Amino acid sequence: MNNRYRAMVALTSLLLLAGAPVPRGRHTAVPSTSLYSQRALRRARTILQLKLLELRKARLERVFRAIERGLPPDEMKHIPPACV
């Protein structure tokens, strides 16, 4: 009975380990001097990059419309985004 008990404990342990979630990536502790976590900084960086891409796209659209209308490049700087 002792061997049977050990076999059941070993089998149960293996089943529990097989079903355990596998860690994805490294989890490092945030130093006490850091104000924000790495995830928060990465998210903020991504949001800023997307915002810059949106602004760049809007500027390119304004330039494209100005070229279509035949405006000189000097006047393109003074065109507000809503007018184009």
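These are numbered notes on the structure shown above.

1. Model and confidence. This is a predicted model. The chain's mean pLDDT is 76. Of its residues, 58% reach 70 or more. Confidence varies by element: helix 2 has the highest mean pLDDT, at 90, and helix 3 (residues 73–76) the lowest, at 67. Where pLDDT is low, the predicted coordinates should not be read in detail.

2. Overall fold. The chain has three helices and zero strands. Read from the N terminus, the order of elements is α-α-α. Helix 1 covers 2–18, helix 2 covers residues 38–69, and helix 3 covers residues 73–76.

3. Helix 2. This helix has 32 residues. From first C-alpha to last, helix 2 reaches 47 Å. That is close to the 46 Å expected at 1.5 Å a residue. Just after helix 2 comes Gly70, with a positive phi of about 80°.

4. Burial and surface. How much of the chain is buried? Buried residues make up 4% of the 84 residues. The accessible surface of the chain is about 8,400 Å². Carbon and sulfur atoms account for 62% of that surface.

5. The salt bridge. The structure holds one salt bridge. Its partners are Glu54 and Lys51. Their closest N and O atoms are 3.9 Å apart, and the cut-off is 4 Å, so the pair counts as a salt bridge. Both residues lie in helix 2, three residues apart, or about one turn of the helix. An α-helix has 3.6 residues a turn, so residues three or four places apart point the same way.

6. Lys51 at the surface. Is Lys51 buried, exposed or partly exposed? Lys51 is partly exposed, because its relative accessible area is 48%. The exposed class begins over 50%.

7. A nonpolar surface patch. Which residues form the nonpolar patch on the surface? They are Leu35, Tyr36 and Leu41. Together they have about 360 Å² of accessible area. Tyr36 sits in the loop between helix 1 and helix 2. With a relative accessible area of 52%, Tyr36 is exposed. Residues in a patch need over 30% relative accessible area, so Tyr36 meets that requirement.

8. Where to look. Start with helix 2, which has the highest mean pLDDT among the elements and holds both Glu54 and Lys51. Then turn to Tyr36, in the loop between helix 1 and helix 2.

Terms used: Residues numbered from 1 in each chain as written. Predicted model: local features only at pLDDT ≥ 70, side-chain atom pairs only at ≥ 80, totals over all residues. Heavy atoms only, no water. Salt bridge = Lys/Arg side-chain N within 4 Å of Asp/Glu carboxyl O. Helix = DSSP H or I, 4+ residues; strand = E, 2+ residues; numbered from the N terminus. Buried < 20%, exposed > 50% of the residue type's maximum accessible area, 1.4 Å probe, protein only. Patch = residues over 30% accessible without salt bridge, like charges linked within 9 Å, V, L, I, M, F, W, Y side chains within 5 Å. Areas by Shrake-Rupley, 256 points an atom, 1.4 Å probe, with all protein chains shown as cover. pLDDT = per-residue confidence, 0-100. Expected span 1.5 Å × (residues − 1).
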